[in-house]
Amino acid sequence: MALLEALITTVTGAASATVGVLVGGIVTRRGQDHQWSRDQQLVAYQELLSHYAKFTMVIKRAHADRRGWDYDWAEWSAVLTRVSLIAPSEVAVEVDRFGQSVDRFLDRVAREVDPVRTPLGEEEFREAGAEVAQKVLGN
């Protein structure tokens, strides 16, 4: 009888330890997965804003120098898509609004005007980018 009690106690203790290790592993993995996902989101957000800043400066410089310009729009589209795929739904909605305001900005500074013939001045360019700036700031 004492042997049976010792065996039951040992098996129960081993089972409890095993369950504890499994639960700990699951919780740790979920935490690591969450941190990895968050890190990927931050990198994508930084890349999105970096591309926006880059093409904005390219276009602004073209207006200031009265010259043509070019930009790799495939990269911009890829970053927008990546952010939309990994962002939480409420962030993806805001990124879509940001993309729409960037599109309107591009209409005003790149598609509807020729920086060689009719360049925008500093103030006009700033006004055209005001909506995008509000989206970046979360307004």
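**Note on a helical chain**

1. Arg82 is partly exposed, with a relative accessible area of 34%. The model it sits in is predicted. Arg82 has a charged partner. Its side chain meets that of Glu47 in a salt bridge, with 3.0 Å from N to O. Glu47 lies in helix H1 and Arg82 in helix H2, so the pair ties together parts that are 35 residues apart in sequence. Glu47 is also partly exposed, at a relative accessible area of 26%.

2. Now the overall plan. The protein chain has 5 helices and 0 strands. Read from the N terminus, its elements run α-α-α-α-α. The chain holds 139 residues, and buried ones make up 23% of them. Take the contacts in the chain with a separation of 6 or more. Of these, 72% join residues that are 24 or more positions apart.

3. Which residues touch the most other members of the largest nonpolar core? They are Phe55, Trp76, Val102 and Val109, in a core of 23 residues. Four elements give two or more residues to this core: helix H1 (2-65), helix H2 (73-86), helix H3 (89-111) and helix H4 (122-128). H3 gives the most, with 8 residues. There is a general background to this. In soluble globular proteins, nonpolar side chains tend to be buried together.

4. Look at helix H2 next. Why does its length agree with what a helix should show? At 1.5 Å a residue, the 14 residues of H2 should span 20 Å, and its end C-alpha atoms are 20 Å apart, so the two agree. Three residues of H2 are buried: Trp76, Val79 and Val83. They cover an arc of only 65° around the axis, which puts them on the same side of H2. The face turned away from that buried side carries the exposed residues Ala74 and Leu85.

5. Trp76 deserves its own point. It is located in helix H2. Is Trp76 buried or exposed? Its relative accessible area is 7%, so Trp76 counts as buried, because buried means under 20%. Leaving out residues up to four places away in sequence, Trp76 touches Leu48, His51, Tyr52, Phe55, Tyr71, Phe98 and Val102. One of these shows how the fold brings distant positions together. Trp76 and Leu48 are 28 residues apart in sequence, yet their C-alpha atoms are 7.4 Å apart in space.

6. Trp76 also belongs to an aromatic cluster. The other members are Tyr52, Phe55, Trp69, Tyr71, Trp73, Phe98, Phe105 and Phe125. The count of aromatic pairs comes to 10. Compare this cluster with the contacts of Trp76: Tyr52, Phe55, Tyr71 and Phe98 appear among them.

7. Helix H3 follows. It has 23 residues and reaches 31 Å from its first C-alpha to its last, close to the 33 Å expected at 1.5 Å a residue. Which residues of H3 are buried? They are Ala92, Val95, Phe98, Gly99, Ser101, Val102, Phe105, Leu106, Val109 and Ala110. Note Val109 in particular. Not counting residues up to four places away in sequence, Val109 touches Ile59, His63, Leu120, Phe125 and Ala128.

8. Back to charge. Side chains of opposite charge can pair when their charged atoms come close. How many salt bridges does a search of the whole structure find? The total is 11. One of them joins Arg111 to Asp103, with the closest N and O atoms 2.8 Å apart. Asp103 is partly exposed, with a relative accessible area of 37%.

9. Helix H4 has a salt bridge too. Arg126 pairs with Glu122, and their closest N and O atoms are 3.7 Å apart. The two are 4 residues apart in helix H4, so about one helical turn separates them. Both ends are partly exposed: Arg126 at 47% relative accessibility and Glu122 at 46%. This pair is part of a network. Salt bridges link Lys60, Glu122, Glu123 and Arg126.

10. Points to check in the viewer. Start at Trp76, buried in H2. Then find Val109, another of the residues that touch the most other core members. Finish at Glu47 and Arg82, where a salt bridge joins the side chains.

Methods:
Residues numbered from 1 in each chain as written. Predicted model: local features only at pLDDT ≥ 70, side-chain atom pairs only at ≥ 80, totals over all residues. Heavy atoms only, no water. Core = buried A, V, L, I, M, F, W, Y, C linked by side-chain atoms within 4.5 Å. Buried < 20%, exposed > 50% of the residue type's maximum accessible area, 1.4 Å probe, protein only. Contact = heavy atoms within 4.5 Å. Phe/Tyr/Trp six-rings, centres within 6.5 Å; stacked < 30°, edge-to-face > 60°. Salt bridge = Lys/Arg side-chain N within 4 Å of Asp/Glu carboxyl O. Expected span 1.5 Å × (residues − 1). Arc of directions from axis to C-beta.
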